[in-house]
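Thank you all for making the time this morning. I would like to walk you through one structure, slowly, for those who have not seen it before.

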Amino acid sequence: MATTAAVAVATAGMIGGAMGAVADEQEVDPQLVVYVEVNSNDLANVADYTLEDTGKAAVDMAMIFAANINYDGEKAYLHFNERVTETLEDAENQIRPVQAKGTKVLLSVLGNHQGAGFANFTSYEAADAFAAQLADAVTTYGLDGIDFDDEWTNYGANGTPQPNAQSFGWLATALRDRLGPDKIISLYAIGPSYTTTDFTLFDAAGTIDYAWNPYYPTYDAPTVAGLEDRARLGAAAIDLSQTSAATAADFARRTVQDGYGIYVAYNLTGTDQSAYLSGITEPLKGSATVYKAPAEPDTTRPTVELASPASNRPQSELNVSLSVQDDRGVATVVANVYQHGVLVTSTQTDAGGAAQAVHTATVALPDGHYVLRYNAHDTSGNVSKTKTQPFTIESTP
């Protein structure tokens, strides 16, 4: 994505896949799209922002910025730099928590000065070969779609062709066929993929979910044949680090007033930007934005299951085996031995906050009748109900 002040970041996708044109009179639910420069910031930061009134995600779509379309001397191929690779391969920590809040995560793909671009494929087959790589990335890393950003391609470099009117249509169509209807395809409306493409040569309305303004801080919706419905367009584009809060809030009010469905914001960082974002989400969604909202109080006790001893059947020594679970984390597991109401010995395990824990112990005891009392403590201080199990030690059968 361009880093000059003139060029804005694109933001994408519909919450769902390709949708048909929506009637002008239908109520629009504006979506906030945010680009994250993963070279310097974690995508997981997106999950830190929720709406104050509902607790839902403040961001509807988060863009991993950015993968690249590269050229190997013969054909285009999908390239991930080191930080994009780390983000994708650490999906359990970087992507899944964001998706768990209800935010769709897309991979933004950008030119890389090598001449390979979305707008200069010379056949459907060549475009489909690149679409196959994009679809594989979506499937492999559990993403919600692809965002096309046709900047920095340098068409003609390395002997590559110039843009043509059909190329992007071939690519978008091939990608939609491979992804199916439930994934998002968005267009950051910049470069030949926007300016050279003849959108009447393919089913743009059934292929592309959204198109939006790439220049920040400006308010100007793109014109894409087939995507005349404003619910699928974004006019507002701002840089979270450079655009004034007053301008950002004004663009949000205009987005609602004019019936546009997308609001694009670039460069979410690891700092607390909730006050700034509130100026956007209050007009868009009717709620302020909260940063790292405190979790609901934990009042749930751990659950404990005793595997051994399972009965009062005589045994030569005590073998204790307990399994424990807790949604917030187990702190300690305790199993104490009593005889005639007096504590004989205590055994315990420090679980260190694990969601699941096992406590085992082997204890030699004199012959006699005993009672095992056991429970577990979670990291919030909740204690399971203390249970008992009588047992008998008899060293000589």
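I will begin with how to read the model, then turn to the cores, the helix pairs and a few single residues.

This is a predicted model, in which local features need pLDDT of at least 70 and side-chain atom pairs count only at pLDDT 80 or more, while totals for chains, interfaces and linings use all residues. Residues are numbered from 1 along each chain as its sequence is written, and side-chain values use heavy atoms, with hydrogens and water left out.

Let me start with the cores. By a nonpolar core I mean a set of buried Ala, Val, Leu, Ile, Met, Phe, Trp, Tyr and Cys residues joined through side-chain atoms within 4.5 Å, where buried stands for under 20% relative accessible area, exposed for over 50% and partly exposed for what lies in between, with a 1.4 Å probe and protein chains only. In soluble globular proteins, nonpolar side chains tend to be buried together. Here the largest such core has 73 residues, and those with the most contacts inside it are Val 109, Phe 130, Phe 148, Tyr 263 and Ile 280. Helix α4, residues 124-141, supplies the largest share of this core, eight residues; helices (H or I, at least four residues) and strands (E, at least two) are DSSP runs, numbered from the N terminus. Apart from that core lies another, of 20 residues, which includes Val 304, Leu 318, Ala 357 and Leu 372.

Leu 372 also leads us to Gln 389, whose place is in strand β17, residues 387-393. Gln 389 counts as buried because its relative accessibility is 15%. If we set aside residues up to four places away in sequence, Gln 389 touches Leu 306, Pro 309, Ala 310, Ser 311, Asn 312, Tyr 370, Val 371 and Leu 372, contact here meaning heavy atoms within 4.5 Å.

Next, the helix pairs. How do α4 and helix α5 pack? The axes of α4 and α5 (residues 167-179) are 8 Å apart, at an angle of about 45°; axes are lines fitted to C-alpha atoms, for helices over the stretch in contact, and angles run from 0 to 180 degrees between N-to-C directions. The two helices are therefore oblique to each other, given that angles under 35 degrees count as roughly parallel, over 145 as roughly antiparallel, 65 to 115 as roughly perpendicular and the rest as oblique. Among the residues that meet are Tyr 124, Phe 130 and Leu 134 in α4, and Trp 170, Leu 171 and Arg 178 in α5. The residues of this contact divide into 13 nonpolar, one polar and three charged, with Ala, Val, Leu, Ile, Met, Phe, Trp, Tyr, Cys and Pro counted as nonpolar, Asp, Glu, Lys and Arg as charged, and the others, Gly among them, as polar.

The second pair is helix α8, residues 245-258, with helix α9, residues 274-285, whose axes come within 8 Å and cross at roughly 15°. These two are therefore roughly parallel to each other. Their contact includes Ala 248 and Ala 252 from α8, as well as Tyr 276 and Ile 280 from α9, and by class it has nine nonpolar, two polar and one charged residues.

Just before α8, in the loop that follows β10 (233-239), we find Thr 243. Is Thr 243 buried or exposed? Thr 243 is buried, with a relative accessible area of 6%. Leaving aside neighbours within four places in sequence, Thr 243 is in contact with Pro 217, Ile 238, Ala 248 and Tyr 276. Pro 217 itself follows a cis peptide bond from Tyr 216, with omega near 0°, and lies in the loop between β8 (210-212) and β9 (218-219).

Another cis peptide bond, again with omega near 0°, runs from Phe 65 to Ala 66, and Ala 66 lies in strand β3. Met 63 is found in that strand, residues 61-71, and is buried, with a relative accessible area of 0%.

Finally, two residues that are not glycines have a positive phi. His 113, at about 65°, lies in the loop between β5 (104-111) and α4 and is partly exposed, at 47% relative accessibility. Asn 267, at about 75°, lies in the loop between β11 (262-266) and α9 and counts as buried, at 15%.
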